[in-house]
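Student: I'm new to this one and would like a close look at a single part. Could you pick the salt bridges and walk me through them, then show me what else sits around those parts?

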Amino acid sequence: MPKELDFDWAVSHDPLVVPLFLNLERARKVAHTKARAVWDRHGLTPAEFDVLATLRNADDHHELTPGQIQDRVLLTSGGLTKVIHLLTQKKYVERSVAKEDNRIKPVRLTQAGSQYIAKVMRDLAQITGLWMRATLKDKEIVQVTQTLRKIAENDHV
């Protein structure tokens with residue numbers, strides 16, 4: 001093999017940033033695999049989990065319009081409609097009609113949905129906590145958290 005072709009081309013672009021980016025992606029995949037196992041155990045798709053968690057993190061009423069949900073999750077409007085329909089069938093969410101506009105049908109987390117997502121989140125936090133604490137010391141967890149927050153908040157570059 002010619003000498004000029006004998007190098008790791010990706011890392012050669014930026015030997016500091018490329019390994020960071022690749023390891024962030026690898027860590028995301030491991031985290032997703034662990035989360036997926038929890039979601040599967042609870043009979044949830046990633047999209048259903050995302051919608052339920054989004055509603056749980058909404059205001060005191062745990063209610064949002066479909067447009068507000070779509071702004072916070074990675075789903076198309078058609079995909080979101082399907083997920084809301086499935087969650088309604090499972091009795092985890094309910095729809096109502098907005099008083100100010102009959103065309104708007106907010107989605108609200110039901111009591112059953114609230115209890116269900118809380119249980120899923122407990123399981124997810126436990127699995128994630130075990131993984132993180134087996135991998136990092138407390139001080140490292142704080143450092144990584146601060147660094148990732150800094151990266152996430154600087155999205156304007």
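**Salt bridges and their surroundings**

Tutor: Let's start with Glu25, which makes a salt bridge with Arg28, their closest N and O atoms being 2.7 Å apart. Keep in mind that this is a predicted model. Glu25 and Arg28 both sit in helix α2, 3 residues apart, or about one turn of the helix. As background, side chains of opposite charge can pair when their charged atoms come close. How open to the outside are the two partners? Glu25 has a relative accessible area of 29%, so it counts as partly exposed. Arg28 comes out at 43%, so it is partly exposed too.

Stay on helix α2 and you'll meet another pair. Here the side chains of Asp40 and Arg36 meet in a salt bridge, at 3.4 Å from N to O. These two are 4 residues apart in helix α2, again about one turn of the helix. Asp40 is partly exposed, with 48% relative accessibility, and Arg36 is partly exposed as well, at 35%.

Now for a bridge that reaches across the sequence. Arg108 forms a salt bridge with Glu63, with the closest N and O atoms 2.6 Å apart. Arg108 belongs to strand β3 (residues 107-109) and Glu63 to strand β1 (residues 63-64), so this pair ties together parts that are 45 residues apart in sequence. Arg108 is partly exposed, at 30% relative accessible area; Glu63 is partly exposed at 22%. If you search the whole structure, you find 5 salt bridges, including the Glu25 and Arg28 pair we began with.

Back to helix α2, because charged pairs aren't the whole story there: Leu24 also lies in this helix and is partly exposed, with a relative accessible area of 34%. Leu24 belongs to a nonpolar patch on the surface, together with Leu20, Val144, Leu148 and Ile151; the patch has about 380 Å² of accessible area in total. Helices α2 and α7 (138-153) each supply at least two of its residues, and the largest share, 3 residues, comes from α7.

Helix α2 also takes part in an aromatic pair. The rings of Trp39 and Phe49 have their centres 5.1 Å apart and their planes at 35 degrees, so the pair is tilted. Trp39 is in helix α2 (residues 17-41) and Phe49 in helix α3 (residues 46-56), so you get a link between distant parts of the chain, 10 residues apart. Are these two buried or exposed? Both Trp39 and Phe49 are buried.

Helix α3 has a charged residue worth a look, too: Glu48. Glu48 is buried, with a relative accessible area of 2%. Its side chain is joined to that of Lys90 by a polar contact of 3.1 Å. Setting aside neighbours within four places in sequence, Glu48 touches Gly43, Val83, Leu86, Leu87 and Lys90.

One more stop, since the structure holds 2 aromatic pairs. Tyr92 and Tyr116 form a stacked pair, 4.2 Å centre to centre with 10 degrees between the planes. Tyr92 is in the loop between α5 (77-89) and β2 (93-95), while Tyr116 is in helix α6 (residues 111-135), 24 residues apart. Tyr92 has 16% relative accessibility and counts as buried, and Tyr116, at 14%, is buried as well.

Terms used: Residues numbered from 1 in each chain as written. Predicted model: local features only at pLDDT ≥ 70, side-chain atom pairs only at ≥ 80, totals over all residues. Heavy atoms only, no water. Phe/Tyr/Trp six-rings, centres within 6.5 Å; stacked < 30°, edge-to-face > 60°. Buried < 20%, exposed > 50% of the residue type's maximum accessible area, 1.4 Å probe, protein only. Polar contact = N/O pair within 3.5 Å; in protein donor to acceptor, adjacent residues only side chain to side chain. Contact = heavy atoms within 4.5 Å. Patch = residues over 30% accessible without salt bridge, like charges linked within 9 Å, V, L, I, M, F, W, Y side chains within 5 Å. Areas by Shrake-Rupley, 256 points an atom, 1.4 Å probe, with all protein chains shown as cover. Salt bridge = Lys/Arg side-chain N within 4 Å of Asp/Glu carboxyl O.
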